[in-house]
Amino acid sequence: MPDAPVEVTAEYVRAVTGVTLDRGEVTLKVGESTTLLAAVTPVDAAVQNITWASSDDRVVSVANGEITALGAGIGDEFDVNKLRYHKVIIMA
């Protein structure tokens, strides 16, 4: 049986190398809100969506970059050296 020609198409997918926020630190009083803007780099990365989350939903809520201070407190396990990117300070 003769070999059939095979066509191979390769597509380069650019990986995300970082996410930056428009501010490195935010200070809010309970009840205040602000919106953070995030940018994925490189701009032509295959994945551009950002997942926003709070480590404690009793202290701050976050949705699509809008953060709202709900309460004060840092919990028993807070370690400033373990912060991954930026920080939000909530004042009562």
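Let's start at S54, which sits in the loop that runs between β4 (38-41) and β5 (60-63). This is a predicted model, so it helps to keep the confidence scores in mind as we go, and we will come back to them below.

What does the side chain of S54 reach? One partner is the backbone oxygen of V60, at 3.0 Å. Another is the backbone oxygen of D56, which lies 3.0 Å from a polar atom of the S54 side chain. If you set aside residues up to four places away in sequence, S54 touches V60 and V62. Both of these residue numbers fall within the span of β5 (60-63), and that strand is a good place to go next.

Follow β5 into its sheet. Three strands form an open sheet in the order β3-β6-β5, and their pairing is antiparallel. The edges are β3 and β5, each of which pairs on one side only. From one strand to the next, the twist averages 15 degrees.

Now look at the other edge of the sheet. Here β3 and strand β6 (residues 66-69) pair in the antiparallel sense, over three bridges. Which residue is the bridge partner of T34 in β6? It is I67.

Finally, how far does the predictor trust each part? Across the protein chain the average pLDDT is 77, and 76% of the residues score at least 70. Strand β3 (residues 33-35), which you have just met at the sheet's edge, has the highest confidence in the chain, at 93. Confidence is lowest in strand β7 (residues 87-91), with a mean of 51.

Notes: Residues are numbered from 1 along each chain as its sequence is written. This is a predicted model: local features need pLDDT of at least 70, side-chain atom pairs count only at pLDDT 80 or more; totals for chains, interfaces and linings use all residues. Side-chain values use heavy atoms; hydrogens and water are left out. pLDDT is the predictor's confidence in each residue, from 0 to 100. Helices (H or I, at least four residues) and strands (E, at least two) are DSSP runs, numbered from the N terminus. A polar contact is a pair of N or O atoms within 3.5 Å; within protein, one must be able to donate a hydrogen and the other to accept it, and residues adjacent in sequence count only if both atoms are side-chain atoms. Contact means heavy atoms within 4.5 Å. Two strands pair if DSSP finds at least two bridges between them. Axes are lines fitted to C-alpha atoms, for helices over the stretch in contact, and angles run from 0 to 180 degrees between N-to-C directions.
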